[in-house]
Amino acid sequence: MKVKRTAVVCVLLAAVLSLVPWQARSQPRTLRIGFVSTLSGGGAALGVDVLDGFNLALRHLGNRLGGLPVEVLTADDQQNPDVARSAVERLLRRDRADLLTGIIFSNVLLAVGDLVFGSGVFYISPNAGPSEYAGSQCNLHFLNVAWQNDNLHEAMGHYAQLKRYETAFILAPNYPAGRDALTGFKRFYKGQVVSEVYTRLGQLDYSAEIAQIRAARPRAVYAFYPGAMGVNFIKQYAEAGLMQQVPLLLPGFSADADVIRAVGKPMVGVFNSSHWALELFNPINRRFVEDFRRSYNRVPALYASQGYDAALAIDHGLRAVGGDLSRKAEFRNAILSGFDSTRGRVRFNRNGYPIQNYYLRQVVESANGEVVNRLVGTIFRNHGDAYASQCRLR
Amino acid sequence: MAGGLVVEQLLNGLQFGLMLFLLSAGLTLVLGVMDVVNLAHGSLYMLGAYVAATVAGATGSFWAGVGAAVVATAAVGLVVEATVLRRVYPRDHLTQVLATFALILVFNEGARIVWGPQALLLSVPPELSRPVAVLPNLTYSAYRLVVLGVGAGLAVLLFLVIHRTRLGMWVRAGASNRAMARAMGVPIQQVFAVVFALSAALSAVAGALLGPILAVQVGMGEDILILAFVVIVIGGIGSVKGSLVGALLVGTVDTAGRAFLPPLFAQLMSPEAASNLGPALASVLIYLLMAVVLFVRPQGLFPVRA
Amino acid sequence: MRARNLSVEAGRRAALPWPAGVGRALLWTAGGALLLAFPYAAEALGWHFYLSVATKAAVLALAASGLNLVLGYGGLVSFGHATYYGLGAYTVAVLAREGVQQAWAVWPAAVLLCAFAALCVGAVSLRTRGLYFIMITLAFAQMVYYGVISFKQYGGQDGLRAPRTDLGLPLTDAGLYYLTLLLLGACLVLLWRVVHSRFGRALQAARDNELRAAAVGFPVYPVQLCAFVLSGAITGLAGVLMAHHTQYVSPNMLGWPQSGHLMFMVILGGVGRFWGGVLGAVALVLLEEVFHSATVHWQLFVGLVLLAVALFASRGLSGLLEGRLR
């Protein structure tokens, strides 16, 4: 009996001891990047794309950023703010990450932002670009290399306005980026919004909403659904026979390679907006697209380009400060003054969000039967965001 | 047009309700006959969906996937019954809860190891991925109609088994009074194994059929499991009839709440606020329904226990 | 009567798993000193992260101990204790949003709110038994969960930041650790006294045989209701501490997985054993931490350990420490 008790106590003690970080701190000149992203569940395609893009850039840069050897510590946030918070705490306090990146969903980012900024660590966003951090809550430690949440939707709103659709039915998940999305769309679309529907984030069955659309008989439908949500919405929209009746307008998030792969032919003909496209003509993009296809055996979606660009931006900033992240203002300003990306040279507003072009793309079936996005035209040139004037930085 | 909307939402509610029924029928039998709280029921549903997705992907036939899912999940159910559940039959509910919760963790992580962390997207069989006109002016997804039909067919089949066969008689006897049934010579051990395999097979059908409508991912079983528990408590533990009524009630209330409440509230407040309140209230409605049923009829709508 | 004596005895045995006398006193002192010195050691060794793990474990120990009162001593399986845990936490965040950050106002408000919620839920639920009690507590918890997420202005699904309240002096991480230990200790003393009072004996008598307890003349319903309210209040206090610890609250704190998590801690530690809640919470946090730092598939191993405990050690860790396997 005593033996068993002793055994239990020993096991518990061993467990505690195993947590002690015995190994000496690794060489100080290694840059530790905490990469928190959605790598499981319905949003995983996005996280994996960003991660693969990021890793590809690292490979192209010889596994160094700004001259420093890099160690990437990945963590899966499971698209859950609580999980993300403990992952970020682990990265900051236990692993002492020097810089964080990777978050896909804006609700996740907003839940961990104060933790990251409060520790004086930079967060370089490859995706989530909530309006909160663009306006009065803008932060020295926050930069987004991709877009502000509203941007792609503003472009699509502008397109719907140009096409003179009199009425529109608009939908998005009920989370910060979903609300930003419809705000952005309405900022440029001046027709009548017959219904504005917010669904639960992660909802996968849209039969109730599709019945509402059918009953409302709008001239156009605009839906922002990233990842598996988008795949299901579009499939069900097509299966209900609505694709031929009401044109579906989408942001690039719901109409890029990850969604096209899963939905296939029914998507042909759909128009969507993006800040990036496969065929953008510059050497960085060409190398990115070719090597991505070769390395991962799939077509990159816009998320992958954003992950790639995040690494390029960090590299650019670190070069300017000689790898010394404590020179915060210089690091930030180096990136803000512009870096070369898959979209060419990107400039920024003082709130840390890009000023760039937004394009119109259409999903087409190519000669060899492959369904891909084709660049059609430019919707906005040198377009910023609506919140920069509220940012009091610098 | 409003009529069309109501019919379409009703079909949606029925379809969701019937799938809930497939899940809760097994759960209610396991709980009623075996007196086991099986939290891992949702994991069997998940397993069914994964197997269906894998086999459908490999063979190209969706229905082969469904068949494989049923067989494989029933087999796994038998193994789980023999290795874990048999040990916790005599224990209290708390031990069963801990053991089956542990099973959830093992199944979830196992699925992650075998199938990877990303969600699998199962496709509707091509011959069904088109709309069908059910009313003039109303087209509905052919696949959803088939799901409805399969659900209804299985419900009828289950009733015939429960009420017309010897096995069904034993099951009913076990649910109403286990000790008496054993004394009367019902081979309880075998009945338990068959009931558990049956419940696993039913949840696999639900998982496989819902796969193309939802997505096949780790954790898909947990939320629907709680709804299934709500259904069987409303219907009365051990009663298949009760779980059918409960499932249809919950399915319709949930769909109606999501469909009709937000537009109603949108008249009064901002769309975001309405979208927050509407579905939340619909969910509250389900639990309120359960609390009221329990308060008025503590044994559920169709009590079984003698 | 015999059953009652047995459970009191069991409680004592559980409380004193170590040899009596000098050895025991030494162990208690050493353990206490270790706990008190931990923040300094953590600071010196750069294990800041593990101070946060320790605080989390202590908070969860408090919540689980609160639940153990009804679950273990009352035999009432509440599948909705996340309600009190979450409401406690949300009170901190919501009051902060409304501009109230004085601890003397926020803390009592949170605990009173949880006690009141427990009173309402308990008053209705305690009329049912067994599985139906489990389900009706779950139903109330889900109603509160959906109620909270319907408040758009308090974050809805997205959660809400919860700045630490003003205690009159700055609340550092180490300070929060000590505060949590202090409150945990105080609540454990309170629980010890409750469990070993006439009230506690009545509660356990009702658990062991309700008919007999009522026949002897114990007011079963009021006793159980009081225990339920006390349990809700203690779990709510844990929620307040958790909000201070993470400085962020989310609806997940109110969801059924959270209720389940609390329940599993108690079952793991030992249902109805005095140290069951503490042991279970500390063990589960440790278990998750150990496996999490070793492998991405940590849930598999946590699951296997829980399964082993369920199948082979029905008295939980307390039972193991008492050296008596089933």
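Two strands pair if DSSP finds at least two bridges between them. The legends below describe close-up views of a predicted model.

**View 1. Strands 7 and 8 of chain A pair in parallel.** Strand 7 of chain A covers residues 167-173, and strand 8 of chain A covers residues 192-199. Seven bridges join the two strands. Within this pairing, Leu171(A) stands opposite Val197(A) of strand 8 of chain A. Helix 6 of chain A, residues 176-188, carries the chain across from strand 7 to strand 8. The resulting β-α-β crossover is right-handed.

**View 2. Confidence varies along chain A.** The chain A average is a pLDDT of 92. A score of at least 70 is reached by 93% of its residues. Strand 9 of chain A, residues 220-223, is where confidence is highest, at 98. Helix 1 of chain A, residues 2-19, is where it is lowest, at a mean of 65. Residues 23-27 of chain A stay under a pLDDT of 50. For that stretch the model has zero contacts beyond four places in sequence.

**View 3. Chain C meets chain B.** On the chain C side, 34 residues are in contact with 37 residues of chain B. Three helices of chain C each supply at least two residues to this side: helix 6 (130-149), helix 11 (256-269) and helix 13 (298-312). Helix 6 of chain C gives the largest share, 11 residues. By class, the chain C side has 23 nonpolar residues, 10 polar and one charged.

**View 4. Thr55(C) sits in helix 3 of chain C.** The helix spans residues 48-73. Is Thr55(C) buried or exposed? Thr55(C) is buried, because 25 other C-beta atoms lie within 10 Å and the cut-off is 20 or more. Beyond four places in sequence, Thr55(C) is in contact with Leu176(C), Tyr177(C), Thr180(C) and His245(C). Leu184(C) is 129 residues away from Thr55(C) in sequence. In space, the two are 11 Å apart, C-alpha to C-alpha.

**View 5. The largest nonpolar core holds 365 residues.** Which residues touch the most other members? They are Ala52(B), Met290(B), Leu62(C), Ala89(C) and Leu306(C). Helix 3 of chain C gives the most to this core, 18 residues.

**View 6. Ala89(C) and its contacts.** Ala89(C) is one of the core residues that touch the most other members. Neighbours within four places in sequence aside, Ala89(C) is in contact with Ala162(C), Gly239(C), Val240(C), Met242(C), Ala243(C), Val249(C) and Met253(C).

Notes:
Residues are numbered from 1 along each chain as its sequence is written. Chains are lettered from A and ligands numbered from 1 in the order in which they are written. This is a predicted model: local features need pLDDT of at least 70, side-chain atom pairs count only at pLDDT 80 or more; totals for chains, interfaces and linings use all residues. Two residues are in contact if their C-beta atoms, placed from the backbone, lie within 7 Å. Helices (H or I, at least four residues) and strands (E, at least two) are DSSP runs, numbered from the N terminus. Ala, Val, Leu, Ile, Met, Phe, Trp, Tyr, Cys and Pro count as nonpolar, Asp, Glu, Lys and Arg as charged, and the others, Gly among them, as polar. pLDDT is the predictor's confidence in each residue, from 0 to 100. A crossover is right-handed if, with the strands pointing away from the viewer, the path from the first strand over the helix to the second runs clockwise. A residue is buried if 20 or more other C-beta atoms lie within 10 Å of its own, exposed if 12 or fewer, and partly exposed in between; C-beta atoms are placed from the backbone. A nonpolar core is a set of buried Ala, Val, Leu, Ile, Met, Phe, Trp, Tyr and Cys residues joined through C-beta atoms within 7 Å.
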